Amino acid sequence: MASVPSLASTVNQRLADALSAALPDAAPADPLLRRSDRADFQANGILALAKKAKANPRELATQVVEKLATGDVLKDIEVSGPGFLNITVSDRAIIETLAARAADARLGVPYHENAGTTVVDYAQPNVAKEMHVGHLRSAVIGAAMVEILEFTGEKVVRRHHIGDWGTQFGMLIQYLVEHPGALDHQGADGEEAMSALNRIYKAARVLFDSDEEFKTRARDRVVQLQAGDEESRALWQRFVDESKIYFYSVFNKLDMDIADADVVGESGYNDMLEETCRILEDSGVAVRSEGALCVFFDDVKGPDGNPTPLIVKKSNGGYGYAATDLSAIRNRVGDLKANTLLYVVDVRQSLHFRMVFETARRAGWLTDDVTAHQLGFGTVLGKDGKPFKTREGETVRLVDLLDEAIDRATAVVREKNNEKVGLTEAEIVENGAQIGIGAVKYADLSTSAARDYKFDLDQMVSLNGDTSVYSQYAYARIQSILRLRGEAAPAAHPELELAPQERALGLHLDQFGEVLAEAATAYEPHKLAAYVYQLSSLYTSFYAECPVLKADTPAQVENRLFLCELTARTLHQGLALLGIRTPERL
């Protein structure tokens, strides 16, 4: 089905046409329409247009009103102040527009065929290391952006740029050569895999720091690994495979699907590194400086005032992170045919990526038509406003944090369970996991990505305020009403007069597509989270003031059931795009 134009876009177009009719010689103008507390919408664009035309803005506003026909969509238009227009749409227009949305499986949201290809680089843990709280934001924000972009029509290629290469593998592999049974364990449990990797890492580190002969052997092993030595490569692969077992167990707990084909770590670009360096040097983009291959920038200087370069190849012949990142750009643009590259990485890496992107532009890999963006995120803080740590000052393990969220949420579900709700123990556990993980994701996504946020589980699993639990309970409440409706069926009745709470709910439902488009274009999933919370709040007000099953007439019962059902579908879709599930009963 074709997308459904929102009431805002319909009103905006009518205003633009009326402005053109009132000032036929003027260029097309934006009416600057927005939602308003004084009416449904307010248009402020007449002031600027009147100034250009040297006309009286209030008189021009009156002329525009005369050109607008009221009735089907527009119920009332009032000139306010120096030349604002306060616009009220008809109840019929609200319900008819919502009925068109309800008739579409996509709720009338446009799907842009052949919109383009975006590679999203997110969820990038390190091999042989535990995932900690710092890995949460890239995974959650990246997964939400993937869903939002795909829903709007973008072809998305997922990339998990795991840290699977580097000098530390010489130490780990050499230890495994000398202690061949160290990585053997029973089963394929994620925790067991990580426990074995941790033991090896700690033991290898102790040896590396205390035994000069082992340190020498470990450094030699790095050279062998990089040269393609079969034994070294096979043992390196064991570390990668064990780490993946662990990664996937954590992502599974986060209710995220990670496909093995999408995991392309640093090692995946090894064969391109030398060619990348050669292209940059031959083209003059990179130059030799003290033996290293560097790219310089006029606006990037160190504390001493001297230029700080992007080091592509070190003076000892080793490759820097920049060589890998630039090779990844070549692969994603040249082989994957991406139009857009989106990197969901810590805001503290902004300078590095700014330099990498500028280097890629100078090399011609990025252009006006092929662009790269960093979706930078802030730090997860504790309740004290400082970086989130354990009481011992250690980094918080991600799996421990998720387990605690699930435990807290399960306790809330169990406490709220009664004979009326009637959840079984299995349902309590399932709902607890969905609510706990949803709470963690929503707390992250409801904050603008670039900002730091406080990790407060008590607030996250609260039934009140801006939480996912609040919206999940709103959804479950609607499902309860729909189960109790008997023979009454949801049906739109455009002929009915709407209560203020029905109008407010209906107008917000109509904005879903526009909010999604904004979130996709600006890479701002928090806008969708804010929309979902406001929808839940407006539904709560509607529920409190507008009896559904005990409405005055059968037609009103059906119309309110229709609003309930469309709200539930919109909540379900909005939360799903954020990676959050909606239990049917709570």
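**Exercise 1. Determine, for strand S8 in this predicted model, whether its faces are covered or open, and which strands pair with S8**.

Solution. Begin with the side chains of S8, which spans residues 292–295: Ala-292 and Cys-294 lie on one side, Leu-293 and Val-295 lie on the other, and all of them are buried, so that both faces of the strand are covered, given that buried means under 20% relative accessible area.

Next, turn to the partner that comes before S8 in the numbering, strand S7 (residues 287–289), which pairs with S8 in the antiparallel sense over three bridges. Within this pairing, Ala-292 of S8 stands opposite Ser-289. The two strands form a hairpin with two residues between them, and in the turn Glu-290 has a positive phi of about 55°.

Finally, look at strand S9 (residues 310–313), which runs antiparallel to S8 and is joined to S8 by three bridges. Here Cys-294, one of the buried residues of S8, has Ile-311 in S9 as its bridge partner.

**Exercise 2. Classify the aromatic pair of Phe-388 and Phe-455, and locate both rings along the chain**.

Solution. The structure holds 10 aromatic pairs, and a pair of aromatic rings is described by the distance of the centres and the angle of the planes. For Phe-388 and Phe-455 the centres are 5.3 Å apart and the planes stand at 25°, so the pair is stacked, the cut-off for stacking being under 30 degrees.

As for location, Phe-388 belongs to the loop between strand S12 (380–381) and helix H13 (398–416), while Phe-455 belongs to the loop between strand S13 (453–454) and helix H15 (457–460), so the pair links distant parts of the chain, 67 residues apart. Phe-455 counts as buried because its relative accessibility is 3%.

**Exercise 3. Classify the aromatic pair of Phe-512 and Tyr-531, and decide whether each residue is buried or exposed**.

Solution. The rings of Phe-512 and Tyr-531 lie 5.6 Å centre to centre with 40° between the planes, and the pair is tilted. Phe-512 is in helix H18 (residues 512–522) and Tyr-531 is in helix H19 (residues 525–545), 19 residues apart. With 2% relative accessibility, Phe-512 counts as buried, and Tyr-531, at 3%, counts as buried too.

**Exercise 4. Name the rings that form a cluster, and find which arginines lie over the face of a ring**.

Solution. Tyr-343, Phe-353 and Phe-357 are linked into a cluster by ring pairs. Turning to the arginines, Arg-35 lies over the face of Phe-41, 5.8 Å from the ring centre, and Arg-233 lies over the face of Trp-236, 5.6 Å from the ring centre.

Notes
Residues are numbered from 1 along each chain as its sequence is written. This is a predicted model: local features need pLDDT of at least 70, side-chain atom pairs count only at pLDDT 80 or more; totals for chains, interfaces and linings use all residues. Side-chain values use heavy atoms; hydrogens and water are left out. Buried means under 20% relative accessible area, exposed over 50%, partly exposed in between (1.4 Å probe, protein chains only). Helices (H or I, at least four residues) and strands (E, at least two) are DSSP runs, numbered from the N terminus. Two strands pair if DSSP finds at least two bridges between them. Rings of Phe, Tyr and Trp (its six-membered ring) pair if their centres lie within 6.5 Å; planes under 30 degrees apart count as stacked, over 60 as edge-to-face and the rest as tilted. A charge sits over a ring if NZ of Lys or CZ of Arg is within 6 Å of the ring centre and within 35 degrees of the ring normal.
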